[in-house]
Amino acid sequence: MADKLIIFDTTLRDGEQSPGASMTKDEKLRIARQLERLRVDVIEAGFAASSNGDFEAVKSIADHVSESIVCSLARANDRDIGRAAEALAGALARGSGARIHTFIATSELHMAAKLRMTREQVLEQARLAVRFARNLCSDVEFSPEDGYRSDPDFLCQVLEAVIDEGAGTINIPDTVGYAVPELFGDFIRRLRERVPNSERAIWSVHCHNDLGMAVANSLAGVKVGGARQVECTINGLGERAGNCSLEEVVMAVRTRRDHYGLEVGIDTTQIVPASRMVSQTTGFVVQPNKAVVGANAFAHASGIHQDGVLKARDTYEIMRAEDVGWSANKIVLGKLSGRNAFRQRLHELGIEMDSEAEVNAAFARFKDLADRKSEIFDEDIIALVGDESVTAEQEHYRLLSLAQHSETGERPHAKVAFAAGSAEFHAESDGNGPVDASLKAIESKVRSGAELMLYSVNAITSGSTESQGEVTVRLQLGGRVVNGVGADPDIVVASAKAYLSALNKLHSATDRVAAQGWP
Ligand code: KIV
Ligand code: ZN
């Protein structure tokens with residue numbers, strides 16, 4: 001039987017580190033459940049010691065996810081590792097579903113400039129950290145941060161020591177995306193050859209995409225280096241240029257099984273739903289020409305290609321769209337559909353709701369949408385449920401109504417009514433356009449002072465002006481960057497919803513300080 005390639009997803013930890021991609025606990029749990037449906041082997045749920053919010057998110061995922069191993073990152077110290085174990089308690093109690101991932105930098109630059117530690121101190125701290133983690137959890141992973149730029153002799157010393165202490169997975173990060181495939185594959189191979197106890201660990205690679213080579217480097221780490229775990233994120237989400245993209249690595253190994261000779265346990269039909277969920281939650285739009293999950297990934301525009309595909313599919317297609325979860329824009333429900341049909345469709349889409357009250361609230365939104373839009377597609381339902389995943393506590397601001405007037409040659413005017421907790425506000429403003437007028441009206445009451453960093457509109461379903469518009473608004477306030485997403489057939493309404501959703505994030509419990517004085 002072919003060797004297995006372990007897929008370690010870090011969308012919720014390294015992916016979330018991307019400015020603006022921060023997610024609430026409920027959003028993370030929703031994505032974790034989708035990752036579980038995707039059958040990823042390991043979900044890195046967060047960095048438990050980094051904040052109370054992250055601790056709660058890791059804990060909630062460890063309490064609810066049982067089909068994938070749930071992992072928390074921890075710096076190489078007792079406090080971080082203890083917090084990780086505490087957050088993972090639910091999974092630890094179940095037996096084998098928890099992992100502690102501890103790390104410390106090993107490159108000269110990071111040790112001197114960042115840690116201000118000597119080689120001896122770093123070696124000792126790595127050893128003690130893994131020893132401590134192994135007392136709390138049988139599954140421990142160790143990463144030498146900036147491993148690829150570390151001195152190989154020193155790196156081998158550290159890796160041998162942590163394997164002796166019981167680290168079962170050794171992950172080599174290319175933290176700054178400096179590697180190139182031929183060199184990286186060889187680097188991993190030589191480490192495995194030189195570390196005397198290397199056979200006692202599974203080797204893993206973790207590549208960043210600064211030179212656009214994260215996927216190529218990861219695959220070289222697998223093929224040339226013998227790594228059997230790849231760390232990756234949905235849509236390649238991550239700091240700067242992002243991380244290795246899960247969908248690309250998985251489909252490369254699947255499609256070129258002849259070359260890699262490896263099995264992956266992923267249910268590939270869940271890839272596109274996962275990509276959409278991450279994109280809708282974070283507001284990070286997927287570029288149309290992105291491999292596997294981009295809107296054009298399976299679109300054949302040229303006549304020659306279309307003709308070829310119609311005659312024999314594999315003339316121009318190496319993968320089937322439906323195998324990665326693309327479904328034709330099917331009309332799934334309409335105005336006359338009842339609660340049972342709606343519930344059934346949620347089930348088919350793999351969307352679990354925690355309570356009957358949640359189903360009812362989502363159904364009410366569905367009916368409201370169906371009154372205004374004759375054909376409801378799967379994508380509409382996913383967006384609608386995305387709106388629904390915001391809990392009452394986070395939804396401090398809610399749009400009540402919006403009216404806007406714009407005539408050619410005249411300055412547009414908007415009137416907006418919104419709720420802030422139990423209070424109701426009515427605001428109006430002019431603006432350069434109806435969207436500008438609506439956001440200015442809201443801001444005239446909230447006075448958040450947040451800076452608008454990004455505004456983008458996308459059609460949820462392609463090919464029709466009947467589609468709902470999905471708007472992403474990115475706000476920055478006091479060093480914190482948040483994204484708000486809103487969907488509606490009217491893009492001005494979608495924009496107001498997105499703006500209020502971003503304000504809700506700034507206003508959420510952890511950010512009360514930033515939001516002081518707001519209504
Ligand atoms: O890029 C990196 O070095 C990391 C480690 C913490 C694994 O994310
Ligand atoms: Zn990383």
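Helix H7 (residues 152–164) and helix H8 (residues 181–194) cross at roughly 55 degrees, with their axes coming within 10 Å. That angle makes H7 oblique to H8. Keep in mind that this is a predicted model. Besides that helix pair, there's a second one, H9 and H10, and a ligand with a shell of residues around it.

**Helix pairs**

- Two packed helices are described by the angle between their axes and the distance between the axes.
- For H7 and H8, the crossing is right-handed.
- Helix H9 (residues 214–223) and helix H10 (residues 246–255) also have axes that come within 10 Å, and here the crossing angle is roughly 45 degrees.
- H9 and H10 are therefore oblique to each other.
- The crossing of H9 past H10 is right-handed.

**Polar contacts to ligand 1**

- Thr175 puts a polar side-chain atom 2.6 Å from an oxygen atom of ligand 1.
- For Arg13, a polar side-chain atom sits 3.0 Å from an oxygen atom of the ligand.
- Asp14 joins in as well, with a side-chain N or O atom 3.2 Å from an oxygen atom of ligand 1.
- As for cover, ligand 1 has 260 Å² of accessible area on its own, and the protein covers 94% of that.

**The shell around ligand 1**

- Strand E5 (98–105), strand E6 (140–145) and strand E7 (169–174) are the elements that each give two or more residues to the shell.
- The shell's members are Arg13, Asp14, His101, Phe103, Ser143, Glu145, Asn171, Pro173, Thr175, His206 and His208.
- Sorted by character, the shell has 6 polar residues, 3 charged ones and 2 nonpolar ones.
- Arg13, Asp14 and Glu145 are the charged members, while Phe103 and Pro173 are the nonpolar ones.

Technical notes. Residues are numbered from 1 along each chain as its sequence is written. Chains are lettered from A and ligands numbered from 1 in the order in which they are written. This is a predicted model: local features need pLDDT of at least 70, side-chain atom pairs count only at pLDDT 80 or more; totals for chains, interfaces and linings use all residues. Side-chain values use heavy atoms; hydrogens and water are left out. A residue is near a molecule or strand if one of its heavy atoms lies within 4 Å of it. A polar contact is a pair of N or O atoms within 3.5 Å; within protein, one must be able to donate a hydrogen and the other to accept it, and residues adjacent in sequence count only if both atoms are side-chain atoms. Accessible areas come from the Shrake-Rupley method with a 1.4 Å probe; for residues, only the protein chains shown count as cover. Helices (H or I, at least four residues) and strands (E, at least two) are DSSP runs, numbered from the N terminus. Axes are lines fitted to C-alpha atoms, for helices over the stretch in contact, and angles run from 0 to 180 degrees between N-to-C directions. Angles under 35 degrees count as roughly parallel, over 145 as roughly antiparallel, 65 to 115 as roughly perpendicular and the rest as oblique. A crossing is left-handed if the near helix is turned anticlockwise from the far one by less than a right angle, and right-handed if clockwise.
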